[in-house]
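Me: I am new to this structure and would like a close look at a single part of it. Could you take me slowly through one sheet and the helices that lie against it?

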Amino acid sequence: MRASLRYLALGLAGALGVSGTVLGGSAAVAHQDRQHEGRGSPVTAELPKVPTMTGGGGAVSSVDPLASQVGIDVLERGGNAADAAVAAAATLGVTEPYSAGIGGGGFFVHYDAATGEVRTIDGRETAPATYTEDEFLGEDGEPLDFATVVSSGASVGVPGTLATWETAAEEFGTMDLHRLLRPAERIAARGFTVDENFSEQTAANAERFRKFPATAALFLREGEAPAVGDVFRNPDLARTYRTIRHEGTGAFYDGSIGAAIVDESRAPTTAEGVAVLPGEMTREDLGSYEALLKDPVSTEYRGLEVYGMGLPSSGGITVAETLNLLEAYDERTGTALADVPETQYLHRFSEATATAFADRNRWIGDVAGVPVAELTSQEFADERACLFEEGTAQPRPIAFGEPDGDYAACGTGQARQPEPVGGVSTTHLNVADRWGNVVSYTLTIEQTGGSGITVPGHGFLLNNELTDFNFAPLTEGVPDPNLPGPGKRPRSSMSPTIVLRDGEPWMSVGTPGGATIITTVAQILTGHIDRDLALVDAVAAPRLSSRNGTEGADLGLAGSPTGAQLRELGHELEDVRWIGNASAIRVLGDGRFVAAAETESRGCGPGPVRRGPGPVPRGRVVRAPARGLGWAGSRDRRARPTQEQHVFSHPAPEPAEPAGPSAAAPGEPALDGRWRAATAGWRPSSIRSAGAERVWAWVRHAWEALAAPAAGDDDEAVAGDDAPGRSGTGSGRRADDLLTVAALLALQERFLAVAAGEPVPAEVPDPRREGATLGEDEVLAVVRRTWEIDPAEAGADGFAAELSGFLQDHLDELAEEVRERLVDRRGPTQLFAELWSLEHVDELEPAAEQDAAPPFPLSTDDIAWIVSGVPGPEKHTAWEWLTR
């Protein structure tokens, strides 16, 4: 069995009530905060640890329980699969920083239930514009040392992960990055509990990390790897996420974060006596980066439609050719793959993947003219299959074929090429939602720990993705499509895969593991489809990775009787500790899902591994329970949710312009330069810059709405209801949330006064009670319970920067719930809520005749934005009513 280092947890969120556990500013987080005294209690997931589970409402599977919990929370809050995937991936950037993060790239495959289309996003890193084919050759013309290039600026490509998230949210999602990055920011600030995998990976890379002071300071606290059970916090990454949330991705690609990336990659900060190769990335390279929307690669297998990632990934193409070859072997031998013994199944699988890799290495790269259609055609596979023999393995390496469209009964192979060098680290997640949307997403920073270079003050590692280029041609005289080049994207093996049956989602699967990704995904597909293994058993089966050389075999397969039989056929097996770390989701078609994943065991440090006796008999699980899986409770179905706009939250930030003293609203103190700098990028019409009087009016109104029972509720039910989307009375959970907001607002006024050189008020208004006040002790007590920074220690500048994002988070969450409650009430309040959501505008005219005003003050910008969404004939009436 794989070492039980960590577990993939599964959860039925609706039944277990874990929705909202880690969403920053949510009711659940506020509730969780009150359970922990002191600074920075780590965030924990509430998913049960089981190997597989069946449920409804939507599913999430990843290598990390916190990431999966975040995804479930997003689904519970009405987000779709793309929303949940982005939020979960951002969390992996915190909890799996050695495998993923905004310093890397990846590939995003999406099925849209509304259109029935599969689309992909190419978020692969790019080489600087100055790179040439000879980039990684020394003065003697020989390839540079691989490890030397890895841990240097020369290996760093222009990151594409953040652009991928933005594109996914805009094209497929219903929420913006401001909201989707909030959970990850929260986890980075509060921390998470270190497990054995994180500790092992850190220790294994400690020597390399010590070369770079910023990396050592972040990951080697007191000079050593964190121990299991320690709390790991990354406040720099929390601030980076917060900056991106409030300033947009421009801060990364064109702003201060980007400048830091370029500076550090071009001249890495190293320890005394350490010299590394410099990079060549420029601000122009970074600013011109684009995540590209592309069509997927597809093939038909056993009546199923298998969709994967196209160029520059080789994953979708090579998986497709492997599956086509297996069907060709069936035709050639007259025996289906499902009916052969285990040894013959693995023999066929090994021959197919080795052949497909021979063609991959010769033909696939980020160049013009790659014969994708031919490589994925059944005709090409039929020609290549003629070399297959049931009783003998082909000598390795197998020669590549000619995908030229002119196929004979048995084609002649060309040159034999060695296997390229590559890394093994990545991460993968799958999401399926209740509306039928599905995401399969693989992301990476390449090696475990990437380049080893942390961007100082920003808390994330930079990739070493450019080492995925071949340093020199694999074979003299044979064109190599994967040499470095200006702006070129290195070839990848990432294979995020979505399978459809009759045009409907059937399965999503993927894994990390470098080039072994391709063989792992293909083996899980054939294990589940052909060998009749349950999904969890297909994921759990010992793996054989044949990539046209020596074949890796894990979980004791190499030393088993089956391994001995494969050797008799001519296969050269190498016993390896692990291959891949896969996860998958099956869509059952009746509103239910099966999610499965395996034990995490990345083999990055020493330690014993318990091995199974050999291949998995059908129907038996040999891997330990998995971790990081879950799904949301079932709700009503619809094609895709529509994006909700929250009160005082505009759809896009306006350009950041520091507001001068003249811009202060009535009752708001003038702001000095320090506060203006901390609040740069705030939206002029949002709550955060609305002015004290207007904010307090809104909070008082929110208190009234939350304290009043919703239509159809009885007082007892409302008071004790902790379900998502519901609130309690003044003595309930939301009452304490509002007190938190009031305390934060009070501190905002206090620091504004300090910044303006004015006397600090001893007391501030309490929005719960007209004429009442909050004393200083009460304010600070609430903040210490709910915020990881003690105001007394942070100072005006530090606390102001931290407060700005957190305050907006709380108010956004409260605004959403207020709106839900106001919809059930009559009169102008109901009209406002309906108008804001652009629903039921036919009620506008009767309500406008009432002698009433909007329920709380609106700026001209607010009114204009609302009215812009009202149908033409009602615009004038809406404007008149809102401005009266």
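Reply: What follows is a walk through one sheet, its strands and its helices, with a short look at one serine afterwards. The model is a predicted one, and the sheet in question is open, with seven strands in the order β1-β18-β17-β13-β12-β9-β8 and antiparallel pairing. At its edges stand β1, residues 52-56, and β8, residues 297-301, each of which pairs on one side only. On average, and with direction ignored, neighbouring strands of this sheet are turned by 20 degrees against each other.

Within the sheet, one pair can be followed in detail: β12, residues 497-501, runs antiparallel to β13, residues 504-510, and five bridges join the two. In this pairing, I498 has S508 of β13 standing opposite.

Two helices can then be placed against these strands. Helix α20, residues 516-529, packs on the sheet, where it touches β8, β9, β12, β13 and β17 (583-587), and its direction makes about 135 degrees with that of β13. Helix α16, residues 315-333, lies across β8 and β9 (304-308), and it runs at about 20 degrees to β8.

The serine is S265, which has its place in helix α14, residues 256-266. S265 counts as buried because its relative accessibility is 1%, where the cut-off for buried is under 20%. Its side chain reaches the backbone oxygen of V262 at 3.1 Å. Leaving aside residues up to four places away in sequence, S265 touches G153, V156, P278, G279, M281 and L462.

Notes:
Residues are numbered from 1 along each chain as its sequence is written. This is a predicted model: local features need pLDDT of at least 70, side-chain atom pairs count only at pLDDT 80 or more; totals for chains, interfaces and linings use all residues. Side-chain values use heavy atoms; hydrogens and water are left out. Two strands pair if DSSP finds at least two bridges between them. Helices (H or I, at least four residues) and strands (E, at least two) are DSSP runs, numbered from the N terminus. Axes are lines fitted to C-alpha atoms, for helices over the stretch in contact, and angles run from 0 to 180 degrees between N-to-C directions. Contact means heavy atoms within 4.5 Å. Buried means under 20% relative accessible area, exposed over 50%, partly exposed in between (1.4 Å probe, protein chains only). A polar contact is a pair of N or O atoms within 3.5 Å; within protein, one must be able to donate a hydrogen and the other to accept it, and residues adjacent in sequence count only if both atoms are side-chain atoms.
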